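Trainee: Please take one part of this model and go through it closely. After that, place it in the wider picture, and explain each term when you use it.

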Protein chains: 4
Amino acid sequence: MSDQRIFQYVPSGAWGLVEPLFSQRAKSLLLTLIDFVENDVLPAENLFHAQLAPHGPERWKSIPAVLEELKNKAKKQGLWNLWLSKGEFSGMAGGSGGGLTNLEYAVMAEIMGHSVILAPQATNCSAPDTGNMEVLARFGTQAQKDKYLGRLLQGEIRSSFSMTEYGVASSDATNLKNTTARVEGDKVIVNGHKWWISGAGDPRNAIHIVLAVTDPSNPSPHKRHSLVLVQPSSKGVDVVRPLQVFGYDDAPEGHCEVKYKDVVIGVEEGIVGGRAGLGRGFEIIQARLGPGRLHHCMRSIGMASKALELLMQRVTDPIRKTFGKELHQHGTILADIANSRAEIDQARLLVLAAARQIDLHGAKAAMKDIGISKFTVPTMALRVVDRAIQVHGAEGICQDTHLPYFYAQLRTLRFADGPDEVHVQQIGKQELKRVPMLRERYDGVRKREEALFKAHGKVKAKL
Amino acid sequence: MSDQRIFQYVPSGAWGLVEPLFSQRAKSLLLTLIDFVENDVLPAENLFHAQLAPHGPERWKSIPAVLEELKNKAKKQGLWNLWLSKGEFSGMAGGSGGGLTNLEYAVMAEIMGHSVILAPQATNCSAPDTGNMEVLARFGTQAQKDKYLGRLLQGEIRSSFSMTEYGVASSDATNLKNTTARVEGDKVIVNGHKWWISGAGDPRNAIHIVLAVTDPSNPSPHKRHSLVLVQPSSKGVDVVRPLQVFGYDDAPEGHCEVKYKDVVIGVEEGIVGGRAGLGRGFEIIQARLGPGRLHHCMRSIGMASKALELLMQRVTDPIRKTFGKELHQHGTILADIANSRAEIDQARLLVLAAARQIDLHGAKAAMKDIGISKFTVPTMALRVVDRAIQVHGAEGICQDTHLPYFYAQLRTLRFADGPDEVHVQQIGKQELKRVPMLRERYDGVRKREEALFKAHGKVKAKL
Amino acid sequence: MSDQRIFQYVPSGAWGLVEPLFSQRAKSLLLTLIDFVENDVLPAENLFHAQLAPHGPERWKSIPAVLEELKNKAKKQGLWNLWLSKGEFSGMAGGSGGGLTNLEYAVMAEIMGHSVILAPQATNCSAPDTGNMEVLARFGTQAQKDKYLGRLLQGEIRSSFSMTEYGVASSDATNLKNTTARVEGDKVIVNGHKWWISGAGDPRNAIHIVLAVTDPSNPSPHKRHSLVLVQPSSKGVDVVRPLQVFGYDDAPEGHCEVKYKDVVIGVEEGIVGGRAGLGRGFEIIQARLGPGRLHHCMRSIGMASKALELLMQRVTDPIRKTFGKELHQHGTILADIANSRAEIDQARLLVLAAARQIDLHGAKAAMKDIGISKFTVPTMALRVVDRAIQVHGAEGICQDTHLPYFYAQLRTLRFADGPDEVHVQQIGKQELKRVPMLRERYDGVRKREEALFKAHGKVKAKL
Amino acid sequence: MSDQRIFQYVPSGAWGLVEPLFSQRAKSLLLTLIDFVENDVLPAENLFHAQLAPHGPERWKSIPAVLEELKNKAKKQGLWNLWLSKGEFSGMAGGSGGGLTNLEYAVMAEIMGHSVILAPQATNCSAPDTGNMEVLARFGTQAQKDKYLGRLLQGEIRSSFSMTEYGVASSDATNLKNTTARVEGDKVIVNGHKWWISGAGDPRNAIHIVLAVTDPSNPSPHKRHSLVLVQPSSKGVDVVRPLQVFGYDDAPEGHCEVKYKDVVIGVEEGIVGGRAGLGRGFEIIQARLGPGRLHHCMRSIGMASKALELLMQRVTDPIRKTFGKELHQHGTILADIANSRAEIDQARLLVLAAARQIDLHGAKAAMKDIGISKFTVPTMALRVVDRAIQVHGAEGICQDTHLPYFYAQLRTLRFADGPDEVHVQQIGKQELKRVPMLRERYDGVRKREEALFKAHGKVKAKL
């Protein structure tokens, strides 16, 4: 019975492979989450938008009331901080979290993708907060944890990760040299110009984690940076403007251009990890990225899945008949459905296998699987959403469906955390590391072939 | 020398085929247009946006001053109403027009696509005005021409074509039955609910040409409709809201939801063609569509071409180096460029051949070529623009380039004037009309083959 | 250690998901199979071809000696009849088989795909024999089993499945009406014209299982056919010619055109299941198809995997440098590798999930998953093999690599057992069966949304 | 009337653009050619194959009688050596040729593509003979012309171009260093190992034009090679084996592996151009390639066009009904037709524009257009042929249609004369040469924009 409920979101094919790897508790949480998303979150989406001011400065000042309601419900149902792995933050308020494996949480992230705007926020599972909490938990000083981590885990404040530099080809992270955090005694002075700082528009934002150069002359380009904790209310922080994605501003969080001018913080207070954290910026970033990428992927699959649901309802809508037939009876529509289904199913399994790799061997060992997911899933999801747009006609491109917004969101994932091209090249190169082993195997085959020809009294000749 | 200037926009391959078909005057106009777009229109684009109010009701009330400047310049240089075919509107103020062949104008429409927002407006070559002027010129009464056509030709007013119905699968035009124009004596009363009425937000808009049912019981579904001229200031016209394309509102023109409630007009004044025009709605629409579709295609090719120009400048920008190389030295970028070039070149030739067909045989005979262009070009242009977005990274998706706006515009063309799928099906069916002739040819070959086998004393057997 | 050996063929991502579902015995068999393929089968491939006569009638008369050697080795190592599910044929000589789950065997079928010509034959896991053995085991009379099944299980004889009719659109199985098996008393007389009868060229072939109409006037089109056991040595059986696939004849098995003219057999002896089997042709066929399709898919993935191995060795071959670089350093090659890897990985997981579905819920319940695999995998594999061909240049298209042969084999899978298009349409339709449930869910969301708007004192309006 | 006949092969869209560029004579020749192909050549194709021995050495010894008949007919109708440009070989027997422009001949090459096996041979327009005749005519000594060119022009002998080296990455022509032609006094001694020598299996073959190193230490890698005329009957020439393409051998011409061992010829007689031709190998090759590539492209378009004709007849064949409908009424078939038509039409125009470029500006100036055609057309044609195969089901893959052979032929064109990838990279790089001009244009726009903002009293700010 409960499986049938799950099959409404996760098809039996995928479930058949992962169910044996699910704990009883995780399965139960999954069902609770499905109900929560369907009964509470999805019905709140349009209200959330209606409670936002449509434009102007007030758009960036208030938080829709319905969101706080959802957060309270989620907490009560144990759906809070689901992304938190078992035991990692134990002992902290709000720190119990899901205690889920990466595989288990991945399935839940897909469910959240059905309401990509609200479900992650409602459950305190939103980027960039999740990654930032990880950074603080693993690398922050106790004082930093006390100041920020607890409130983040409780969902009282929000945060930004301030990495991409304005006017810099940031897909090569070593290019990030224009933002500096000069250490002078026990002070550090931050100067820089960043953009695409998600969440920087949010009135609840209490902290930017800023990647900045602290040691420009270090011979290793990967030891020059540190992460600096900058409060947006500090003197010298200027949130210049929100950027739009295909015309969308993602208020109240926003993706902002931000300037830091002579922002002063204490070293011990401001550098993640305190003075000991100086020069560890890249090291910490690396640790932050793996699982987060899979969360994006699974939410994307949720979006694709929802787009397909909308598509299927549209093409069977009797009032949408053209030329005497429902849309699904025309031309390529059934093929669009079948192909979308095939593509979504494949992508889901790919990401689940990657999540399982993290569980088995850790994020580093899973980098190849994560990378393949990273460059595969958004493109797939864009394709499915685009098909859904097309069957909706003009309605599919405007504010009356979520589809164009889904498209815009997904499109950014083809460069967020590194453009597809970088991941494709890296995977290509990693795959080539198998070549020596392949040559050995193929040489062995050739040798045994020669012996076999000889044994059979035949000469190996070109055909 | 002048050819070199043309080659900056139209590559020599295409030019070599069409140049012999260009009049000297058209060639000269083309060069004037190129200069105008580059020297006057493109530099005005950002100013145009800066002169618009950013949001709120005032956004829909004013027209940027720079636009009127451009219109005056265009008139002085003979670049006004270029779309007007030779002699069609002669004797009217502003009615001299380009006097160009469809082929000649097609090449110019591509140039305008480089500034798709402003160049068509600046030269009075914008949809939906051009199609509406055609309707009035060919089918309007003299009084209707006097009232609207002259001012449209002068660029004093703008207009809408009000066809798509809210909540109706409008890609099958016979589904359009909910908007009615009830004839009562010498009055006609319009009621209906439309949307995607481009230009209906514009303060200069002086006329909606509304497709409405006047004869619901006519046995022929194609004789039930008439075109009704409705002034937006009339009692009963309600512009409900602008629709967004992705997040863009295309102010001040807009694409609007419009309700008509008991709007009363005189039959002779309100029905296109007067009382004699009753029941001719579909007939008139058909005549309106052919060349307009090619104009959209050529402007799309201009957009794709410009996107490729942006892409190429980006990937050779020395400050965009990653991993020690300029972007074009990485992976698939050169292939993206070569493929984009190949796709644009092919699409351009396709549309030019279709335009030539109209010149040779008329729009009706060219419907197959027009249809192929219609479903081919926007998809191609979307692909090129998407590649350009990708190399720009996050910058490519926000308000700092025209690329996401181009994408949004082009995406609508995959359903405007009928979704791709409808055109694909129609072309497929038309192509199948060749089958009887093919069978005859192939049967002939088989018969001669038998004779030949016999003559050579061989028996035809399966191999 | 042993996992590392497995990872040479099955990447750790997929293995991580399926390993918990593998029995210890299956894992051990998998390792044995990998060694057998690499040490014995692959080295024998070229010898197998060299031991075949190059052309003429003798090409269809002998069986390469090396094949029998391989079969003996496979038997000794317990690699015989691996496809046989647990217990199904127990008590028969050769009938112990693999005793594997569908999931376990699927992984092994991929390994066999690395030597698609020899490995399945060497292990008695070849189509169409496996399907035919299933038919006989489940539906044959004891006498039929005694006569054919035992020898098939021992690999002493081979068999054909004679279904596709010459000149008939066989993808709609109800079109198959031209081959008849007229029952006269206790005799049945077979007449018909079939083609693409795989294995009919083989000198070891001892039985054709022929689909023929026995009850043409049965009101149900699915009860008109029976399966008839025809010995190729019978009077009236004419193997007309071998068909070529892209020029390949697949000797000595071949894919043949076959005519049956007044072939007489006893009913009890000739109808599968004896007289009780009359009219059950379609029913039996259906039962035969599910797992067999997944075997084809997994072998195809093995072929794609091997093609990628060849590609990677080629592009890193130092003697293949062009313009001063190895091939992988040029343009799109790394992207080809990464995309191939991503596509293979996704397809493998898809098929494994389908195999797991059969294990969990039976073949019928798994039809959707099987169908998606069926239309997805061959196209994917063709794409990968084509990329491998391309990097090999002219060598990749000729007899010096297996690649063009792989391509030809895979290409047939896009219509064997029904063309992709039929499966795509069926999956599209099946997927649409979810719509009522979707509507219910979405209606529920809308109702709760309304309540929520009311509770928050907001009116839901169009944006 | 005659236009209708042309439209059966060249659609009116393309014809409308090129017809004004056709001479009256060319138009008349085109009609003659269409009749010849349809009435004489196509009916002879199967007979040609039936007159070839099916296998064994005799397959490579005889020439089907029907071919000579066709050649005689072609000569009588003025369809001989159509590829010969105006006046180039005048004064030679057989040297009058077509006297056509490249554009005119391109259209005819498409017609020949409908019978790609026979039409080019029947009209003496086959590769590699055409290119070889060009080499001899432009660069040969008078004695060489007397000995070979006249007989080639008459179709009495055939020839090979011996370039690709065995085991060498020949797509980078500077890699070709293993075949040497050592000059010793007035003798030259050739040693080398080549393959893919088309036509080397043909009993009529009288000359191999061999690319060989004559000056290995020349500082310029492009001056090290010469072209050597080697008679296949010479001592030391060993035609090792025919290569297969997929499983096709292309007998009697073949594509052969050839070894040259100490083959001795006189310098003046053996080096193309005599002693003065030493070191000019690459220079001569370059001159040979341009138009030939377009011929391949146009023949490919003819093949695609024919494949679409077969597809359309198949999907409307009433005996091919499945599930109660003709194939064209199912799913994606109409889309396949429409897309094939769109792709063929675009590709044709692309190649015609390139041919026109050669006519206007010469082959060198047209290299970009030729390159784009080269990498675009075969892939397009493969796609169309593959769709045609698919609707034919298994019949589409075997010897009963030309489709798999078309596929095999077209597949080789993706690396013949350089793989797609090399051309794609070159076109990408050439396109980037436009960047400085683009930057200048865009900088100009930016400057004028600034002035305009100032003039309007606005400050340009980020939105």
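Mentor: The bend at a residue is the angle between two fitted axes, one through the seven residues that end there and one through the seven that start there. Helices are DSSP runs of H or I with at least four residues, strands are runs of E with at least two, and both are numbered from the N terminus. The model is a predicted one, so local features need pLDDT of at least 70 and side-chain atom pairs count only at pLDDT 80 or more, while totals for chains, interfaces and linings use all residues. Residues are numbered from 1 along each chain as its sequence is written, and chains are lettered from A and ligands numbered from 1 in the order in which they are written.

The part to look at is helix α9 of chain D, residues 142–154. α9(D) has a kink of about 35°, centred on Y148(D). The expected span of a helix is 1.5 Å times one less than its number of residues. For the 13 residues of α9(D) that gives 18 Å, and the end C-alpha atoms are 17 Å apart, which agrees.

A residue is buried if 20 or more other C-beta atoms, placed from the backbone, lie within 10 Å of its own, exposed if 12 or fewer do, and partly exposed in between. Y148(D), the centre of the kink, is buried, as are Q144(D), L149(D), L152(D) and L153(D). Two residues are in contact if their C-beta atoms, placed from the backbone, lie within 7 Å. The buried residues of α9(D) pack against α8 (129–139) and the strands β1 (158–162), β4 (205–213) and β5 (225–230) of chain D. Just after the helix, G155(D) has a positive phi of about 75°.

Most residues other than glycine have a negative phi, and most peptide bonds are trans. F323(B) has a positive phi near 50° without being glycine; F323(B) sits in the loop between α11 (281–315) and α12 (333–365) of chain B. F323(B) has 14 other C-beta atoms within 10 Å and is therefore partly exposed. In chain C, a cis peptide bond with omega near 0° runs from A127(C) to P128(C), and P128(C) belongs to the loop between α7 (119–122) and α8 (129–139).

Next comes the contact that chain D makes. Chain D and chain B each give 68 residues to it. On the side of chain D, helix α12 (residues 333–365) supplies the largest share, 17 residues. For classes, Ala, Val, Leu, Ile, Met, Phe, Trp, Tyr, Cys and Pro count as nonpolar, Asp, Glu, Lys and Arg as charged, and the others, Gly among them, as polar. That side of chain D has 36 nonpolar, 17 polar and 15 charged residues.

Chains A and C also meet, with 68 residues from each. Helix α12 (residues 333–361) of chain A gives the most to its side, 17 residues. Copies are superposed by least squares on the C-alpha atoms of residues with pLDDT of at least 70 in both. A turn of 180° and a shift of 0.0 Å along the axis lay chain A on chain C with an RMSD of 0.0 Å. That is the relation of a two-fold axis. Q346(A) comes closest to this axis among the residues of chain A, with its C-alpha at 2.5 Å. Of the interface residues of chain A, 100% are also interface residues in chain C, so the copies meet through the same surface.
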